[in-house]
Amino acid sequence: MTVQPTAFDPDWRDVGALADIPLRGARRVATVLGDIALFRTGDDEVYALFDRCPHKAGPLSQGIVHGRAVTCPLHAWVIDLRTGEPTGADAGKGCTPTAPVRVDGGRVLLALPVATA
Ligand code: FES
């Protein structure tokens with residue numbers, strides 16, 4: 001079987017140790033597409049979102065992580081870490097793009113889109 005290239009061919013990059021992200025906290029990583037906020041939940045799940053609130057571009061990496069959500073530090077919108085969408089009264093008012101991320105052997109791997117022929 002031949003695997004055909006797709007429009008999105010992830011290129012996994014090691015962006016540090018899981019332990020470098022505070023529990024129920026975040027760490028910011030600079031990429032060619034902009035700053036990405038890596039969030040670590042209390043259950044050691046990791047999510048990656050662009051570090052830009054869908055409201056007025058507040059730095060989500062400086063927000064408060066609770067459950068699978070982060071509360072923006074500027075006006076307290078609550079953003080779902082799984083989808084990048086605001087929840088509650090602000091649902092449907094925009095979306096922060098997410099990025100593929102996984103943890104392997106205690107290392108955090110982030111995938112960014114690369115062009116394929
Ligand atoms: S900028 Fe995030 S809630 Fe306003």
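## Close-up views of an all-strand chain

**View 1. Ala 69 and Asp 80, face to face across two strands.** Let's start with a single pair: Ala 69 stands opposite Asp 80 in β7. This is a predicted model, so keep that in mind for every view here. The strands around this pair, β6 (69–71) and β7 (78–80), pair in the antiparallel sense, with 3 bridges between them. Zoom out a little and you get an open sheet of 3 strands in the order β5-β6-β7, again with antiparallel pairing. At its edges stand β5 (64–66) and β7, and each has a single partner strand, so one side of each has no neighbour in the sheet. From one strand to the next, the twist averages 25°.

**View 2. Ala 76, in the loop that links β6 and β7.** Stay with the same two strands and look at what joins them: Ala 76 sits in the loop between β6 (69–71) and β7 (78–80). Its phi is near 70°, a positive value in a residue other than glycine. Is Ala 76 buried or exposed? Ala 76 counts as exposed, because it has 12 C-beta neighbours inside 10 Å and the cut-off for exposed is 12 or fewer.

**View 3. Ile 79 and the residues it touches.** Which residues does Ile 79 contact once its neighbours within four places in sequence are left aside? The list runs to Cys 53, Leu 60, Ala 69, Val 70, Cys 72, Gly 84, Pro 86 and Thr 96. One of these, Ala 69, is the residue you met opposite Asp 80 in the opening view. Ile 79 also belongs to the largest nonpolar core, which has 23 residues; Leu 38, Phe 39, Ala 48 and Ile 79 touch the most other members. β3, β4, β6 and β10 (107–112) each supply at least two residues of this core. As a general backdrop, nonpolar side chains tend to be buried together in soluble globular proteins.

**View 4. Strand β3, with a partner on either side.** Now move to the other sheet: 4 strands form an open sheet in the order β2-β3-β4-β8, and the pairing is antiparallel. The edge strands here are β2 and β8 (98–99), each of which pairs on one side only. Why is β3 (residues 34–40) described as largely enclosed by the rest of the structure? Because 5 of its 7 residues are buried. On one flank, 7 bridges join β3 to β2 in an antiparallel run. On the other flank, 5 bridges join β3 to strand β4 (residues 46–50), also antiparallel.

**View 5. Two hairpins that share β3.** β2 and β3 form a hairpin with 2 residues between them. At this hairpin, Thr 31 has Gly 34 in β3 as its bridge partner. β3 then forms a hairpin with β4, this one with 5 residues between the strands. Look for Asp 44 in that turn: its phi is positive, at about 65°. Further along the β3–β4 pairing, Phe 39 stands opposite Tyr 47 in β4.

**View 6. Arg 27, Leu 38 and Ala 48, strand to strand to strand.** Here's a nice path to trace across the sheet. Begin at Arg 27 in strand β2, whose bridge partner in β3 is Leu 38. Carry on from Leu 38 and you find Ala 48 opposite, in β4. How far apart are the C-alpha atoms of Arg 27 and Ala 48? They are separated by 9.7 Å, with the two residues 21 apart along the chain. Not counting residues up to four places away in sequence, Arg 27 touches Asp 20, Ile 21 and Leu 38. Arg 27 counts as partly exposed because it has 17 C-beta neighbours inside 10 Å.

**View 7. Arg 24, in the loop before β2.** Arg 24 lies in the loop between β1 (11–17) and β2 (25–31). Its phi is near 55°, a positive value in a residue other than glycine. With 15 C-beta neighbours inside 10 Å, Arg 24 counts as partly exposed.

**View 8. The whole chain, for orientation.** Step back and the secondary structure comes to 0 helices and 10 strands. Of the 117 residues in the chain, 27% are buried. Among contacts with a separation of 6 or more, 43% come from residues 24 or more positions apart.

Note on methods. Residues numbered from 1 in each chain as written. Predicted model: local features only at pLDDT ≥ 70, side-chain atom pairs only at ≥ 80, totals over all residues. Buried ≥ 20, exposed ≤ 12 C-beta atoms within 10 Å, placed from the backbone. Pairing = 2+ DSSP bridges. Contact = placed C-beta atoms within 7 Å. Core = buried A, V, L, I, M, F, W, Y, C linked by C-beta atoms within 7 Å. Axes fitted to C-alpha atoms, helices over the stretch in contact; angles between N-to-C directions.
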